[in-house]
Amino acid sequence: MNLIVSLLYGTGMRLLDCLRLRVKDVEFEHGEVTVREGMGGKGRVTMLPRSVAQGLKTHLEVVKAAGYAGIVKPVSPHTLRHSFATHLLEGGYDIRTVQGLLGHADVSTTMIYTHVLNKGGRGVDSPLDR
């Protein structure tokens with residue numbers, strides 16, 4: 001129960017948003033939570049408080065040990081290409097260099113990967129962590 005209360009306050013989610021949360025909606029590495037189909041059918045990204053992350057990881061380990069080991073995030077070979085591009089951009093490489101490495105004829109295709117530069121919930125500290 002403490003984990004749910006911490007998530008509600010620390011992320012600003014509604015109760016139903018929190019109860020519908022799926023493993024694939026939590027990005028520990030980026031410190032963010034994706035809320036899908038929130039109020040009014042809208043989705044959004046919010047921060048994952050650092051102080052909640054370890055408790056959530058522990059909860060997922062307990063669930064996995066209880067026989068739900070099939071809970072994984074969907075991954076495809078294209079995920080690796082996407083990670084390649086986003087990590088280069090996060091590392092400060094310019095968009096034209098990444099464009100060339102990906103073999104894109106038009107830079108607008110490469111611009112799709114610049115969403116990582118918009119920190120979204122990652123640019124804000126949760127009040128729970130203060």
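Is Thr-86 buried or exposed? Thr-86 is buried in this predicted model, as the third view below shows.

**View 1. The open sheet of three strands.** The strands are arranged in the order β1-β2-β3, and their pairing is antiparallel. The edge positions belong to β1 and β3, each of which has a single partner strand, so one side of each lacks a neighbour in the sheet. Strand β2 covers residues 32-35 and pairs with β1, residues 26-27, over two bridges. Strand β3, residues 44-47, is joined to β2 by four bridges.

**View 2. The hairpin of β1 and β2, and the step across to β3.** Four residues lie between the two strands of this hairpin. Gly-31 in the hairpin adopts a positive phi near 65 degrees. Two residue pairs mark the contact between the strands: Val-26 is opposite Val-33 of β2, and Glu-27 has Glu-32 of β2 as its bridge partner. On the β3 side, Val-33 has Thr-46 as its bridge partner. Val-33 can therefore be followed from Val-26 to Thr-46 in β3, given that β2 pairs with a strand on each side in the order β1-β2-β3.

**View 3. Thr-86 in helix α4.** Helix α4 spans residues 77-90 and includes Thr-86. The relative accessible area of Thr-86 is 6%, and the cut-off for buried is under 20%, so Thr-86 counts as buried. Its side chain comes to 3.2 Å from the backbone oxygen of Ser-83.

Key:
Residues are numbered from 1 along each chain as its sequence is written. This is a predicted model: local features need pLDDT of at least 70, side-chain atom pairs count only at pLDDT 80 or more; totals for chains, interfaces and linings use all residues. Side-chain values use heavy atoms; hydrogens and water are left out. Two strands pair if DSSP finds at least two bridges between them. Buried means under 20% relative accessible area, exposed over 50%, partly exposed in between (1.4 Å probe, protein chains only). A polar contact is a pair of N or O atoms within 3.5 Å; within protein, one must be able to donate a hydrogen and the other to accept it, and residues adjacent in sequence count only if both atoms are side-chain atoms.
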